[in-house]
Amino acid sequence: MITTSQMYWITRLDGIVTLLAVLANFLCVASTVIFICKRNEYSTVKQRSWDTDEIIAARRKFGHKLYKASLMMFPVGILLFMLLVMIPTTKQMAAILIVPRIANSEKVQEAGNKLYDLAVEWMDELKPNKNKEGTNK
């Protein structure tokens, strides 16, 4: 039997998959953007006329913190993508739980045997008879 706990998780799986997809995409994109910004923007070069040495140092310090964050965010995003592949959707989980129960049901096995016997009888009836074909020509 399917328990209420299993039923709850079956109904929540699509939401979990969506949340993980959004988080993984955000982390990977944010990490890439921060990495690019760190390489281009946060240098020691004076970029604007009002930049002072203090502003440049603060910008560099902030950029370094963002860079460290991006180095941690990217692997977490990849890990979430891998987890996303392993979590089934609601339809997949329902199939995982229900198909074996149906296939192992005695009623289905009996019906399957009857259907097989009926199909064999039907094919035997449709099998061409050589004597009848020879007299018709």
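This passage describes the helices, the nonpolar core and the surface patches of a predicted model.

The protein contains five helices and zero strands. Along the sequence the order is α-α-α-α-α. The chain has 137 residues, and buried residues account for 18% of them.

The largest nonpolar core consists of nine residues. Its members are V17, L20, A24, L27, A30, I34, M73, L80 and L84. Two helices, α1 (4-40) and α2 (53-86), each contribute at least two residues to this core. Helix α1 gives the largest share, with six residues. In soluble globular proteins, nonpolar side chains tend to be buried together.

Helix α2 also holds G77. The relative accessibility of G77 is 0%, so this residue counts as buried, the cut-off being under 20%. G77 and V22 lie 55 residues apart in sequence. In space, their C-alpha atoms are 9.8 Å apart.

A second pair separated in sequence involves D14, a residue of helix α1. D14 and K91 are 77 residues apart along the chain. Their C-alpha to C-alpha distance is 8.8 Å. D14 has a relative accessibility of 37% and therefore counts as partly exposed, a class that runs between the 20% and 50% cut-offs.

The surface carries a nonpolar patch formed by F35, I36 and L71. Together these residues present about 260 Å² of accessible area. One of them, I36, belongs to helix α1. I36 is classed as partly exposed because its relative accessibility is 45%. That value also meets the requirement for patch residues, which is over 30% relative accessible area.

A negative patch is also found on the surface. It is made of D117, E121, D124 and E125. D124 sits in helix α4, which covers residues 106-126. The relative accessible area of D124 is 52%, so D124 counts as exposed, the cut-off being over 50%.

Helix α1 thus recurs in several parts of this description. It supplies six residues to the largest nonpolar core. It also contains D14 and the patch residue I36. Helix α2 contributes to that core as well and contains the buried G77.

How values were computed. Residues are numbered from 1 along each chain as its sequence is written. This is a predicted model: local features need pLDDT of at least 70, side-chain atom pairs count only at pLDDT 80 or more; totals for chains, interfaces and linings use all residues. Side-chain values use heavy atoms; hydrogens and water are left out. Patches are made of residues with over 30% relative accessible area and no salt bridge: like charges are joined within 9 Å, nonpolar side chains (Val, Leu, Ile, Met, Phe, Trp, Tyr) within 5 Å. Accessible areas come from the Shrake-Rupley method with a 1.4 Å probe; for residues, only the protein chains shown count as cover. A salt bridge is a side-chain nitrogen of Lys or Arg within 4 Å of a carboxyl oxygen of Asp or Glu. Lys and Arg count as positive and Asp and Glu as negative; His and the chain ends are not counted. The place of a charge is taken as NZ of Lys, CZ of Arg, CG of Asp or CD of Glu. Helices (H or I, at least four residues) and strands (E, at least two) are DSSP runs, numbered from the N terminus. Buried means under 20% relative accessible area, exposed over 50%, partly exposed in between (1.4 Å probe, protein chains only). A nonpolar core is a set of buried Ala, Val, Leu, Ile, Met, Phe, Trp, Tyr and Cys residues joined through side-chain atoms within 4.5 Å.
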